[in-house]
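Biologist: I am new to this structure. Could you teach me how to read it, one feature at a time?

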Amino acid sequence: MIRAVDLTLTISGHTILNKVSVDVPKNKVTALIGPNGAGKSTLLHTIARLTKQDSGQVLLDNRSITDFENKELARHMSILRQDSAIGSRLKVRDLVSFGRYPHNQGRHSASDDLVVDKVLVDFELDALAERFLDTLSGGQRQRALLAMNFAQDAEAILLDEPLNNLDLSHARQLMHTVKHYVGRGKTFVVVLHDLNYAARYADHIIAMKQGEVFAAGDTSSIFNEGLLSDLYETPIEIVKVNGLPMALSY
Ligand SMILES: Nc1ncnc2c1ncn2[C@@H]1O[C@H](COP(=O)(O)OP(=O)(O)OP(=O)(O)O)[C@@H](O)[C@H]1O
């Protein structure tokens, strides 16, 4: 569904992305993994057209993303950034309603309300809908940002470290929600630092290191002790628990 071809980006003489070519399969969860500074966020931003590459291109359903008009692209692709700045004197429902903007250009209808109400329930925010964002905990605010993103109802949803600030229960719930939306036809690219969430929920993994694709493939092919130890330059042991690989590092 998403194809990046030979993306290269250099900033102040440093190569941030070096001929990165990746395929994101439709209707699957792709995890983007790799050490700090590997280029994961930059790749996600480039795919979403928030950062412009020096060379190479990004195709969405075989069409260059440069050919999409802004609102059209927002209906096809949404992104949760790590650095989302949000106005604190905004209520949760208002923030989530902003997600509908590409569909309604600010003219909110009853069908938008239905989407917003559903997403508020999905993210356990219904009881907090009238609360101002600056009264929320970090995890509640993260869930509000996720809810806005899901309310956008794009086909491809890019999430940069969505588990930030979420407790174990909400992290698990988010990944279940992601799987539920895959069942409704969505495609996800999710930056994950916790390899065990990738093992459990990703169908496909792209591993990045030093601005390059280190490895990419089915989750089972990437869950290899040698490969992951080399990727993170630290010993990683893989054990099977209930048939699923778990990565241990200590
Ligand atoms: N605007 C910028 N100017 C200079 N360097 C940048 C800029 N943006 C990113 N970089 C550098 O590019 C590299 C990749 O950054 P990026 O945020 O994409 O990595 P990441 O894999 O998402 O890391 P993390 O896991 O720490 O979030 C880093 O070395 C970073 O310092």
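## Reading the model, feature by feature

Modeller: Let us start where a helix ends. Helix 6 is followed by Asp153, and the phi of Asp153 is positive, near 60°. Keep in mind that this is a predicted model.

Biologist: How many residues does helix 6 have, and how far does it reach?

Modeller: Helix 6 has 14 residues. From its first C-alpha to its last it reaches 20 Å, close to the 20 Å expected at 1.5 Å a residue.

Biologist: Is helix 6 enclosed or exposed?

Modeller: Count the buried residues. In helix 6, 11 of the 14 residues are buried, so the helix is largely enclosed by the rest of the structure. Among the buried ones are Arg141, Leu145, Ala147, Met148 and Phe150.

Biologist: What covers the buried residues of helix 6?

Modeller: The cover includes strand 6 (77-80), helix 3 (92-98), helix 5, strand 7 (156-160) and helix 7.

Biologist: Where does Gly139 fit in, and what does it touch?

Modeller: Gly139 is in helix 6. Gly139 counts as partly exposed because it has 15 C-beta neighbours inside 10 Å. Setting aside residues up to four places away in sequence, Gly139 touches Asn165, Leu166, Asp167 and His170. Take His170: it is 31 residues from Gly139 along the chain, yet their C-alpha atoms are separated by 8.5 Å.

Biologist: And Gln152, is it buried or exposed?

Modeller: Gln152 lies in the loop between helix 6 and strand 7. With 23 C-beta neighbours inside 10 Å, Gln152 counts as buried. Beyond its neighbours within four places in sequence, Gln152 is in contact with Ala74, Ser78, Gly99 and Pro102. Now look at Pro162. Gln152 and Pro162 are 10 residues apart in sequence and 16 Å apart in space, C-alpha to C-alpha.

Biologist: Next, helix 7. Does its length fit the rule, or does it not?

Modeller: The length agrees. Helix 7 has 16 residues (168-183), so at 1.5 Å a residue it should span 22 Å, and its end C-alpha atoms are 23 Å apart.

Biologist: How do I read the sides of a helix?

Modeller: Start with the general idea. An α-helix has 3.6 residues a turn, so residues three or four places apart point the same way. Now the case here. Leu174, Met175 and Val178 are buried in helix 7. They cover an arc of only 90° around the axis, which puts them on the same side of helix 7. On the other side, Ser169, His176, His180 and Gly183 are exposed.

Biologist: What do the buried residues of helix 7 pack against?

Modeller: They pack against strand 3 (29-33), helix 6 (138-151), strand 8 (187-191) and helix 8 (195-201). After helix 7 comes Gly185, with a positive phi near 100°.

Biologist: How should I think about a nonpolar core?

Modeller: In soluble globular proteins, nonpolar side chains tend to be buried together. In this structure, the largest nonpolar core has 69 residues. Leu32, Val96, Ala147, Leu158, Val190 and Ala198 touch the most other members. Helix 6 gives the most to this core, with 7 residues.

Biologist: Which residues does Val190 touch?

Modeller: Not counting residues up to four places away in sequence, Val190 touches Val29, Ala31, Leu32, Leu159, Pro162 and Val178.

Biologist: Where else is phi positive, outside glycine?

Modeller: Two cases are Gln105 and Asn242. The phi of Gln105 is near 50°. Gln105 is in the loop between helix 4 (101-104) and helix 5 (110-122). Gln105 counts as exposed because it has 9 C-beta neighbours inside 10 Å. The phi of Asn242 is also near 50°. Asn242 is in the loop between strand 11 (237-241) and strand 12 (244-248). With 5 C-beta neighbours inside 10 Å, Asn242 counts as exposed.

Biologist: Last feature, the ligand. Which residues surround it?

Modeller: The shell includes Ile11, Ser12, Gly34, Asn36, Lys40, Ser41 and Thr42. The largest share, 3 residues, comes from helix 1 (residues 40-47).

Biologist: How many residues of the shell are nonpolar, polar and charged?

Modeller: By class, the shell around the ligand has 3 nonpolar, 7 polar and 1 charged residues.

Technical notes. Residues are numbered from 1 along each chain as its sequence is written. This is a predicted model: local features need pLDDT of at least 70, side-chain atom pairs count only at pLDDT 80 or more; totals for chains, interfaces and linings use all residues. Helices (H or I, at least four residues) and strands (E, at least two) are DSSP runs, numbered from the N terminus. The expected span of a helix is 1.5 Å times one less than its number of residues. A residue is buried if 20 or more other C-beta atoms lie within 10 Å of its own, exposed if 12 or fewer, and partly exposed in between; C-beta atoms are placed from the backbone. The arc is that of the directions from the helix axis to the C-beta atoms. Two residues are in contact if their C-beta atoms, placed from the backbone, lie within 7 Å. A nonpolar core is a set of buried Ala, Val, Leu, Ile, Met, Phe, Trp, Tyr and Cys residues joined through C-beta atoms within 7 Å. A residue is near a molecule or strand if its C-beta atom, placed from the backbone, lies within 6 Å of it. Ala, Val, Leu, Ile, Met, Phe, Trp, Tyr, Cys and Pro count as nonpolar, Asp, Glu, Lys and Arg as charged, and the others, Gly among them, as polar.
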